[in-house]
Amino acid sequence: MNTPDRKFGLVLLAMIVVVSGCTDNSQNTSVSISQTDGVQIESYQATPATLSGGQPATLQMNIKNKGGVDAENVQAKLTNPEFGSDSGLWSVSGGQWKDAFETLRGPDPDAGQNALTRTIQWQVTAPNKNNEVPIPYDFSANLFYKYQTQAVTQMKMVNTNSVEGQPTRSTPSIDNTGGPVQMGVQASSPVLFTAESGGSSKTQPLCITIENSGSGTPFLYEESKVNGAAYRGVSDDITNTINLTVETSSSFLGFGADADKSTTVEKELIGSNPSTCIDMTSNYVSTSEGSKTATITVTADYGYRLQDNTQITLKTGP
C-alpha cells in the first residue's frame, strides 16, 4: 500500500493523458483547479433542433474535468425518449450507452495545462409520424464517472511538562483535493499528556464531515456494476453513499478498537454536512520527547452522476 503522504502527492500531481491524439500545449501559469467540481457538462445540444420524420440529428455533449484528480471510466447514457426499431420510435445509432473515455485528466497548474474539453455524440433518427402539430421531444442524458477526493490533516500530541503554559487546543485544518465531495474534520489538537500519565495512551473521537458540493449525485461505484459493467445498477439503494477511508503511516496513532492504521466505512450523505466518527488512539508522549505530529489522510471514493436535457421538435407530417 502507498503511504498517505505519497498517495496525496500523487493525487495533487495530475497526470497528463493523451486521448484520441488530442493534446493541450498551453502554458498558462494561471491554470486553476475547481475546489468543488469534478467533471462538468459544458454544453448539451441537438443539431438540427427541428426536423422531419426519418431525418437524422446529432446530440452533442461537451464535458470537462475541472477537479483535482483524473476522472476514470467516463460514460454517458441517453435515458429518454423511448428508443427502438419500430418506425414510430426514435432510433439511436450504436446504442444509448457511450463509453466515452477511460480516463479524463483535469487541469495541471504545474505544467500550465488547462483541462481539455471532450465531446460525446449520439446519432438519432426521428420516427415517421403523421402528426398534425409539431411534437417536442426531450432527450435526457446521464453522465457518469469514477472520482476520488483526498484530504490531509495533522494531529499533534504534546506532553504538557515539556512546554511553558497550557497548550491551546483547537480543530486542526484539513486540505482537500478538488472534487464534488468535500470533507472537514472535527477533533481537538493537540492531545495532551503529562509525565504522571506513565505509558498510557489516549482515545478520542475523530469526526469527518462530508458534503456533496457538486451539482450531481454521488454513489457507490463498485456496487453500480452489473455483470462487470459499471453504472448499469445505479439505483436509490446506492446513491448518496460513498466509501470513506481514514489512514495514517504514523507509528504512534491508530483508529478503531484495535488502533489500526487504516479503516474504511460506507457513509450515507443525508442532510447538510453529515459526519462519521471513529475512535482515534494516540500513544503516550514523554517529557523528553516533548511532542509528536501525525499525518492523517482521508480518502473518499465514489461514482458521480450528472444529468442534462436538450430538445428536438418533430415537424408536422407525414
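This note goes through the fold, strand pairing, aromatic pairs, cores and a few single residues of a predicted model.

1. Overall make-up. The chain has 318 residues, and 47% of them count as buried. Its secondary structure comes to one helix and 18 strands. Long-range contacts carry much of the count. Among contacts with a separation of 6 or more, 76% join residues 24 or more positions apart.

2. Pairing around β4. Strand β4 covers residues 71–80. It pairs with β6 (residues 97–104) in the antiparallel sense, over six bridges. Within that pairing, A76 stands opposite K98 of β6. β4 is also joined to β8 by six bridges, and these two strands run antiparallel. Here E72 faces K146 in β8.

3. Strand β10. Is this strand enclosed or open? Five of its six residues (181–186) are buried, so β10 is largely enclosed by the rest of the structure. Its partner is β12 (residues 202–212), antiparallel, with six bridges. M183 stands opposite I210 in β12.

4. T209, on the β12 side. This residue belongs to strand β12. T209 counts as buried, at 13% relative accessibility, because the cut-off is under 20%. Beyond four places in sequence, T209 touches Q182, M183, G184, V185 and Q186, and also P274 and S275.

5. Aromatic pairs, with one edge-to-face example. The whole structure holds 14 aromatic pairs. One of them is Y44 with W122. The centres are 6.3 Å apart and the planes meet at 70 degrees, an edge-to-face arrangement. Y44 sits in β1 (residues 39–47) and W122 in β7 (residues 117–125), so the pair ties together parts 78 residues apart in sequence. Both partners are inside: Y44 is buried at 8% relative accessible area, and W122 is buried at 0%.

6. A stacked pair. F144 and Y231 have ring centres 5.0 Å apart and planes at 15 degrees, so this pair is stacked. F144 lies in β8, while Y231 lies in the loop between β13 (217–219) and β14 (241–248), so parts 87 residues apart in sequence are tied together. F144 is buried, with a relative accessible area of 4%. Y231 is buried too, at 2%.

7. The ring cluster and charges over rings. Which residues do ring pairs link with F144 and Y231? The cluster consists of W97, F144, F219, Y221 and Y231. W97 also has a charged neighbour: R232 lies over its face, 3.8 Å from the ring centre. Elsewhere, the charged end of K202 sits over the ring of F193, at 5.3 Å from its centre.

8. Nonpolar cores. In soluble globular proteins, nonpolar side chains tend to be buried together. The largest core in this model has 62 residues. I63, W122, V124, L143 and L206 have the most contacts inside it. W122 therefore appears twice in this note, as a core residue and as the ring partner of Y44. L143 gives a view of the surroundings. Not counting residues up to four places away, L143 touches V39, I41, M61, I63, V74, Q75, A76, I120, Y304, R305 and L306. Another core lies apart from the largest one; it has eight residues, among them F219, L220, A230 and V234. F219 of this second core is also a member of the ring cluster.

9. S140, a polar site on β8. S140 is found in strand β8. Its side chain makes two polar contacts with other side chains. One goes to N80, at 3.0 Å. The other goes to N309, also at 3.0 Å. Leaving aside neighbours within four places, S140 is in contact with Y44, K77, L78, T79, N80, D308 and N309. Y44 in that list is the residue paired with W122.

10. P167, in a loop. Where does P167 sit? It is in the loop between β8 (135–159) and β9 (174–176). Its contacts, beyond four places in sequence, are V158, T160, P190 and L192. P167 and V191 are 24 residues apart in sequence, with a C-alpha to C-alpha distance of 9.6 Å.

How values were computed. Residues are numbered from 1 along each chain as its sequence is written. This is a predicted model: local features need pLDDT of at least 70, side-chain atom pairs count only at pLDDT 80 or more; totals for chains, interfaces and linings use all residues. Side-chain values use heavy atoms; hydrogens and water are left out. Helices (H or I, at least four residues) and strands (E, at least two) are DSSP runs, numbered from the N terminus. Contact means heavy atoms within 4.5 Å. A polar contact is a pair of N or O atoms within 3.5 Å; within protein, one must be able to donate a hydrogen and the other to accept it, and residues adjacent in sequence count only if both atoms are side-chain atoms. Buried means under 20% relative accessible area, exposed over 50%, partly exposed in between (1.4 Å probe, protein chains only). Two strands pair if DSSP finds at least two bridges between them. Rings of Phe, Tyr and Trp (its six-membered ring) pair if their centres lie within 6.5 Å; planes under 30 degrees apart count as stacked, over 60 as edge-to-face and the rest as tilted. A charge sits over a ring if NZ of Lys or CZ of Arg is within 6 Å of the ring centre and within 35 degrees of the ring normal. A nonpolar core is a set of buried Ala, Val, Leu, Ile, Met, Phe, Trp, Tyr and Cys residues joined through side-chain atoms within 4.5 Å.
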